[in-house]
Amino acid sequence: MDKTGKPACQICEKGIPPKGIQGCPADAIKFDDKDEYINLKVGAVIIATGFKPMSKHYFKEYSPHSPDVITSMEFERILSATGPTGGELKRPSDGTKPKTIAMVSCVGSRDERYHPYCSKVCCMYMLKHARILKEKYPDIKLYLFFIDVRTAGKDFEEFYVYTRELGVKVIKGGRVSSVDVKPNGKLRVRAFDSDLCAPVELDADMVVLATAIEPPDGVEELGSMFTATCGREGFLREVHTKLYPVETQARGVFIAGCVQGPKDIPESIAQARAAASATAALVIPGKIKFEAIISEVDRDKCSSCGVCVPLCPYTAIRIVEYKGKEKAYIEPALCAGCGVCASACPSKAIKFNGFTTEQIMAQIDALTEA
Amino acid sequence: MEEGGVNVIDLTQADESFVKELEALGADELRECIQCGKCGATCPMALAGLEFFIKRIVHAANLGLRDILLEDSSVWGCQSCNRCVEICPMDVKPYELIQAIRRAAMKVESCPANTYEGLRNLYRFGHAVYPKGYEERRKKAGLPEKPPTAISYDELRKKYQEILRNTILEEIAPFPLD
């Protein structure tokens, strides 16, 4: 369902000669452009890889083998005017127009087997899909199965109420337990409706699964390239939820969007702009202030053993030539002052400013002086 | 509702036209219900243990479950206390829905037998509840045979009956309007 399979219209290139319309008159488009790798030296990086929608194939209880059981991402393509059906609502199995559609929320989200977190955007896009469908096809029957409807935020609750007024049926307390394909091609949906206090069944023509937002493939490897760490769920972790929302523990590496956690478009944009400002604040002055509490190597004492290099969590330590010998060097702009290297150095060549042996001994003496 | 076992509700049987019918019969803000449950917490029907108390009724109506609502007698248990209307945060007017369902039920003669009894009494005597054979007891207590209500004023009662005959009662009454 990725591509339409139709040839490009080429109007911007060739125009429409019979109507006297020319292609781009400013000649602003490179039609023979190709992918290329560009090497850049930069002072800061923003990681914004986005997310991956979960595949339906994990959910055997929802008959994923049926072509009429699709994910919301695929459904979005069906609704799209440039999608595989040209915007026409069709069942993938036989091309007929579905009369009853069931949508299922929290597929893979809020589920200890897959992702314990809430994917945050599904409730709203399910309502969006429902509203688009109901406005386009008023006779269609839409059943939305939620655990509970999460419409926090500006204008969202109003959107929800409006969608209900259109006649969209909302079943709460009812994550669907099974979807079975009946011999006549219909899909039997079973759920519990806590508002009716009863189990319910429905014969649907199509089932749309709102599958979870997942961290993208390879984000952990990408993160470790930049010494940015992933949280328990596999999203890149910010330094502090409130105070440093776009910073990672690696200096000069920032994050924005769903790579940090599930979020919607306005939030992603706000975060992206925050990351851009943080980057600008770091790079534009041309100078970097660094903390006084960092480690330093006394290179005359260093025995060049290299123990400290892999220990540094911030990749701040390199081996560089000094007086004709390879010696450890700590990049002060990268050092976060954790002190790991100072405690590990067998030659005691690394001084941890603010926490030197003399300073710590003096503190212990003062504390134990009775 | 089936007897015994689990009562699975088949949403495939749901009928959108029933929702529209109820809207036309007075429950015009029905779809705005977000099932917050505030009405259910104050409804005497819920406190009395009726299976279909107001919150469930609103939801079932919203889904268009015609058969369930018309077969169940819960809507006839409504005490018309109007608390649900007063506290509903979405202005759904749940009591209006109860009335709408009753109207829909009357149309297809799907209401408990005592409803007709009450209706007949209301038409004949001006009271839904009209205990029989009280005349003797009233006499013993030294009261006039008939109470000083609509039953004592034939002329006014006839006028009132004429008004009723001009309503939908004319079409749906399962007894002669004489």
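User: Hey, quick one on α9(B): how many of its twelve residues are buried?

Analyst: Zero, so to speak a bare count: α9(B) is hardly covered. Keep in mind that this is a predicted model.

User: Where is that helix, and what span does it reach?

Analyst: α9 takes up residues 154-165 of chain B. From its first C-alpha to its last it reaches 16 Å, close to the 16 Å expected at 1.5 Å a residue.

User: OK, switching to where the chains touch. How many residues does each chain put into the contact?

Analyst: Chain B gives 17 residues and chain A gives 16 residues.

User: Which elements of chain B supply that side?

Analyst: Two that each supply at least two residues are β1 (9-10) and α3 (54-63) of chain B. The largest share, five residues, comes from α3(B).

User: And what classes of residue are on the side of chain B that touches chain A?

Analyst: You'd find seven nonpolar, six charged and four polar residues there.

User: What does β1(B) pair with?

Analyst: With strand β9 of chain A, residues 198-204. The two pair in the parallel sense, over two bridges. In one of the pairs, I9(B) is the bridge partner of V200(A).

User: Which strands make up the sheet they sit in?

Analyst: It's an open sheet of four strands, in the order β7(A)-β8(A)-β9(A)-β1(B). The pairing is mixed.

User: Why is one side of β7 of chain A and of β1 of chain B left without a neighbour?

Analyst: Because those two strands stand at the edges of the sheet, and each has a single partner strand.

User: How many bridges join β8 and β9 of chain A?

Analyst: Seven, and these strands run antiparallel. β8 covers residues 187-193. D193(A) stands opposite A198(A), which is in β9(A).

User: Let's zoom out. How many helices and strands does chain A have?

Analyst: Nine helices and 16 strands.

User: What's its radius of gyration, next to that of a compact globule?

Analyst: Chain A has 29 Å, but a compact globule of 370 residues would be near 21 Å. The C-alpha trace spans about 80 × 70 × 35 Å along its principal axes. As for burial, 31% of the 370 residues count as buried.

User: What domains does chain A get?

Analyst: The domain assignment gives domain 1 (52-213), domain 2 (216-283) and domain 3 (295-368).

User: How far apart are the C-alpha centres of domain 1 and domain 3 of chain A?

Analyst: They lie 57 Å apart.

Terms used: Residues are numbered from 1 along each chain as its sequence is written. Chains are lettered from A and ligands numbered from 1 in the order in which they are written. This is a predicted model: local features need pLDDT of at least 70, side-chain atom pairs count only at pLDDT 80 or more; totals for chains, interfaces and linings use all residues. Two residues are in contact if their C-beta atoms, placed from the backbone, lie within 7 Å. Ala, Val, Leu, Ile, Met, Phe, Trp, Tyr, Cys and Pro count as nonpolar, Asp, Glu, Lys and Arg as charged, and the others, Gly among them, as polar. Two strands pair if DSSP finds at least two bridges between them. The expected span of a helix is 1.5 Å times one less than its number of residues. A residue is buried if 20 or more other C-beta atoms lie within 10 Å of its own, exposed if 12 or fewer, and partly exposed in between; C-beta atoms are placed from the backbone. Domain bounds come from an automatic or database domain assignment. The radius of gyration is taken over C-alpha atoms; the globule rule is 2.2 Å times the number of residues to the power 0.38.
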